[in-house]
Amino acid sequence: MHKLLTLSFALTMHGVATAACPPRAQLQELREAKFVVADGAKRQVLALALQDCLGERDPFVRDEVAFAALSSWMRGAALEAHTLRRLRVTQLARLGVRDSDGFAQPFAALALSEVARTDRIKPYLSEAERAELVQAGSAYLSAERDYRGYDAKDGWRHGVPHGADLMRQLAANPLVGKKAQQQILAAVAAQVMGASAHTPTQSFHSFEGDRLANPVFALATRSDFDAAEWDAWFSSLAITPAERSGDAVALVARMHNLSAFLMPLYVTLSETKDLAARERMLPAVAKALRQAK
């Protein structure tokens with residue numbers, strides 16, 4: 001048996017409230033064990049400790065162990081509802097606090113996307129808890145203006161894509177109603193259009209457009225919005241005459257971001273076997289692409 005499974009791991013059930021990110025050596029053992037923790041109770045405690053690693057600058061700690069383990073356990077239905085609720089509450093709090101390193105917020109969004117996925121697969125959240133996820137996730141995605149992507153030393157920040165991942169899981173959940181779907185769309189629109197004048201540093205460059213397209217396509221596969229509503233929404237993204245006659249650098253960034261969002265959505269809709277989704281949305285996307293030039 002791997003050494004990890006016999007370690008005390010410095011965590012006990014009454015240490016849950018104060019559990020912190022475990023030492024790197026123990027994280028290495030966890031990874032080598034392929035995240036297998038046979039004792040279910042210890043796994044719950046460890047999951048709550050690992051979430052404190054999600055804001056770490058070290059990509060091995062943050063990406064390769066903490067998030068990888070949490071995602072593996074959530075997708076394998078290895079975390080209990082009370083643990084998932086604790087993760088939701090803690091990461092929601094972190095989602096609302098800007099940190100200078102720029103890791104805690106994006107990885108809170110990414111962890112919450114997995115929490116939302118577990119609820120989509122097998123509902124356990126209350127309507128109010130789910131609504132809070134939509135509200136907080138929408139607020140984060142709307143306001144995020146940190147476009148740093150990959151760093152050779154620190155790895156990925158990916159603020160916008162991780163926010164979009166959360167929106168995608170919520171958009172695909174049949175228990176998320178039309179009002180909440182409208183919040184999701186408003187957040188995507190705010191990010192695509194920009195809350196202030198776009199600059200080269202605010203240009204999408206690390207798959208932001210692709211990931212923002214995902215929640216919109218998820219909504220296309222549902223029947224809550226008809227073709228006319230989609231046409232109106234995509235028209236609202238259009239570049240205005242004032243933007244076209246304004247600062248040229250900002251205009252180029254705006255055109256780039258809009259096209260980077262619309263093009264992957266156009267391709268996905270063109271290739272989908274969901275004919276109803278294609279009929280509802282593709283004409284509006286095609287028109288928006290023509291107007292984005």
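Colleague: At what angle do helix H10 (residues 227-235) and helix H13 (residues 275-291) pack?

Modeller: This is a predicted model, in which local features need pLDDT of at least 70, side-chain atom pairs count only at pLDDT 80 or more, and totals for chains, interfaces and linings use all residues. Residues are numbered from 1 along each chain as its sequence is written, and side-chain values use heavy atoms, with hydrogens and water left out. Helices (H or I, at least four residues) and strands (E, at least two) are DSSP runs numbered from the N terminus, while axes are lines fitted to C-alpha atoms, for helices over the stretch in contact, with angles running from 0 to 180 degrees between N-to-C directions. The axes of H10 and H13 are 8 Å apart, and their angle is about 25 degrees.

Colleague: Are H10 and H13 roughly parallel or roughly antiparallel to each other?

Modeller: Angles under 35 degrees count as roughly parallel, over 145 as roughly antiparallel, 65 to 115 as roughly perpendicular and the rest as oblique. With an angle of about 25 degrees, H10 and H13 are therefore roughly parallel.

Colleague: How many nonpolar residues does the contact of H10 with H13 have?

Modeller: Contact means heavy atoms within 4.5 Å; here Ala 227, Trp 230, Asp 231, Phe 234 and Ser 235 of H10 meet Glu 279, Arg 280, Met 281, Ala 284, Val 285, Lys 287 and Ala 288 of H13. Ala, Val, Leu, Ile, Met, Phe, Trp, Tyr, Cys and Pro count as nonpolar, Asp, Glu, Lys and Arg as charged, and the others, Gly among them, as polar. Four residues of this contact are charged and one is polar, leaving the nonpolar ones at seven.

Colleague: Which helix contributes the largest share of the largest nonpolar core?

Modeller: A nonpolar core is a set of buried Ala, Val, Leu, Ile, Met, Phe, Trp, Tyr and Cys residues joined through side-chain atoms within 4.5 Å, where buried means under 20% relative accessible area, exposed over 50% and partly exposed in between (1.4 Å probe, protein chains only). The largest such core has 83 residues, and those with the most contacts inside it include Trp 73, Phe 234 and Phe 261. Its largest share, nine residues, comes from residues 59-75, helix H3.

Colleague: Which helices do the buried residues of H2 pack against?

Modeller: Helix H2 (residues 40-50) is mostly covered, eight of its eleven residues being buried. Among them are Arg 43, Gln 44 and Leu 50. These buried residues of H2 pack against H1 (24-32), H3 and H4 (81-95).

Colleague: What is the relative accessible area of Gln 181?

Modeller: Gln 181 belongs to helix H8. Leaving out residues up to four places away in sequence, Gln 181 touches Val 176, Leu 219, Arg 222, Asp 224 and Phe 225. Gln 181 counts as buried, because its relative accessible area is 0%.

Colleague: Where is Phe 35 found?

Modeller: Phi of Phe 35 is near 65 degrees, a positive value in a residue other than glycine. Most residues other than glycine have a negative phi. Phe 35 is buried, with a relative accessible area of 12%, and its place is the loop between H1 and H2.

Colleague: What is the relative accessible area of His 158?

Modeller: His 158 lies in the loop between strand S2 (155-156) and helix H7 (159-171), and its phi, near 60 degrees, is positive. His 158 is buried, because its relative accessible area is 6%.
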